[in-house]
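I have opened my notebook and put a new structure on the screen. Come along while I look up a few things and write them down.

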Amino acid sequence: MARQKKVTVEADATTRAILEHWDHIRPNDRIAHLVRDLARGFTRSLQTRLADHGVSFGHWIFLRAMWHKDGVTQRDLAVQVGLTEPTTHTAITKMVELGYVSRRRKAGNLKKQYIFLTKEGRELENKLVPLAQDVNKVALEGIDDETQKIVRNSLLTMIHNLAVDEALSLADGKKIPSTRSLGIRS
């Protein structure tokens, strides 16, 4: 408990607001909000570690995806990481400048450009993945193996439930609107 109070004092305003919400304002708030704040915590913790290597969290997302599947189109990469094509284009352009990736065409398909990791981009995996593993270790501190399995299975079940819900909505003719389209008033 002493550690929690110390963290609250030393944490920045965003983290203090998150802790205040869960500790005092709405400790029984929705699971969706809890998961969002947990994801924010993971992101912020990893961001501080990545900064030591001069890598942004946004670039981490693309690098991580490409370490698993290299030589993909910008569109495929956008889908893979769950971001828009314009956002992906901006990130990839910067990553080309930084020397992490290159754009090139494949033989037989001169229309599409594919994104490939450079040697430097590939070598970042050995430096950066341990940082993410460290964040996971910190987050799971004090949680026994059995509880970790329950949490993992519960979260995976939620992911699958929401995927089914989305598929049913799409089958009913609904679609996921873009933020841009929702910002247009008729």
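**Entry: a polar contact**

With which side chain does the side chain of Arg49 make a polar contact? I looked it up, keeping in mind that this is a predicted model. The partner is the side chain of Asp134, at 2.9 Å. I then traced Arg49 back to its element, and it belongs to helix 3, which covers residues 31-51. Leaving out residues up to four places away in sequence, I noted that Arg49 touches Asp134 along with Leu131, Val135 and Val138.

**Entry: the whole protein**

Next I stepped back for an overview. I found nine helices and three strands in the protein. Read from the N terminus on, the elements go α-α-α-α-β-α-α-β-β-α-α-α. The C-alpha trace spans about 60 × 45 × 40 Å along its principal axes. The protein has 186 residues, and 22% of them are buried. I also checked the contacts with a separation of 6 or more, and 48% of these come from residues 24 or more positions apart.

**Entry: back to helix 3**

I stayed with helix 3 a little longer and picked Leu46, which is found there. Is Leu46 buried or exposed? The relative accessible area of Leu46 is 6%, so I wrote down "buried", the cut-off being under 20%. Residues up to four places away in sequence aside, Leu46 touches Phe57, Trp60, Leu131, Ala132 and Val135. Leu131 and Val135 caught my eye, since I had met them among the residues that Arg49 touches. I also took a distance from Leu46 to Val81, which is 35 residues further apart along the chain, and their C-alpha atoms are separated by 17 Å.

**Entry: a pair of rings**

Trp60 had turned up in the list for Leu46, and I wanted to look at aromatic rings anyway. To describe a pair of aromatic rings, I need the distance of the centres and the angle of the planes. How many aromatic pairs does the count give? I got one aromatic pair. Why is the pair of Trp60 and Trp67 called edge-to-face? Their ring centres are 5.6 Å apart and their planes stand at 75°, and an angle over 60 degrees counts as edge-to-face, so the name fits. I checked the accessibility of each partner too. Trp60 counts as buried at 7% relative accessibility, and Trp67 counts as buried at 13%.

**Entry: charges over rings**

Here I looked for charged side chains over ring faces. Arg104 lies over the face of Phe116, 3.8 Å from the ring centre. Lys106 lies over the face of Tyr114, and here the distance to the ring centre is 4.3 Å.

**Entry: a pocket**

Rolling a probe the size of a water molecule over the atoms shows where empty space is left. I turned to the second largest pocket, which holds about 190 Å³ of space. Which residues line the second largest pocket? I listed Thr73, Gln74, Arg75, Asp76, Glu85, Arg103, Lys112, Gln113 and Ile115. Helix 5 (74-81) and strand 3 (109-117) are the elements that give two or more residues to this lining.

I chose Gln74 from the lining for a closer look, and it lies in helix 5. Gln74 counts as buried, at 18% relative accessibility. Its neighbours within four places in sequence aside, Gln74 is in contact with Glu85, Thr88, His89, Arg103, Gln113 and Ile115.

Ala78 is also found in helix 5. At 4% relative accessibility, Ala78 counts as buried. With neighbours within four places in sequence left aside, I found Ala78 in contact with Leu83, Thr84, Glu85 and Thr88. From Ala78 to Leu131 I counted 53 residues in sequence and 24 Å in space, C-alpha to C-alpha.

**Entry: two last residues**

Where is Asp144 found? I located Asp144 in the loop between helix 7 (119-140) and helix 8 (145-171). Asp144 counts as partly exposed, at 44% relative accessibility. A polar atom of the Asp144 side chain lies 2.9 Å from the backbone nitrogen of Thr147.

Thr15 was my final stop, in helix 2 (residues 13-25). Thr15 is partly exposed, with a relative accessible area of 24%. Thr15 and Arg44 are 29 residues apart in sequence, and their C-alpha atoms are 9.1 Å apart in space.

Notes:
Residues are numbered from 1 along each chain as its sequence is written. This is a predicted model: local features need pLDDT of at least 70, side-chain atom pairs count only at pLDDT 80 or more; totals for chains, interfaces and linings use all residues. Side-chain values use heavy atoms; hydrogens and water are left out. Helices (H or I, at least four residues) and strands (E, at least two) are DSSP runs, numbered from the N terminus. A polar contact is a pair of N or O atoms within 3.5 Å; within protein, one must be able to donate a hydrogen and the other to accept it, and residues adjacent in sequence count only if both atoms are side-chain atoms. Contact means heavy atoms within 4.5 Å. Rings of Phe, Tyr and Trp (its six-membered ring) pair if their centres lie within 6.5 Å; planes under 30 degrees apart count as stacked, over 60 as edge-to-face and the rest as tilted. Buried means under 20% relative accessible area, exposed over 50%, partly exposed in between (1.4 Å probe, protein chains only). A charge sits over a ring if NZ of Lys or CZ of Arg is within 6 Å of the ring centre and within 35 degrees of the ring normal. On a 1 Å grid over the protein atoms alone, a cavity is a set of points where a 1.4 Å probe fits but cannot get out, and a pocket is an open set with protein on both sides within 12 Å along at least five of seven lines; lining residues have an atom within 4 Å of a point. Grid points are joined across faces, edges and corners, and a volume is the space filled by probe spheres set on the points.
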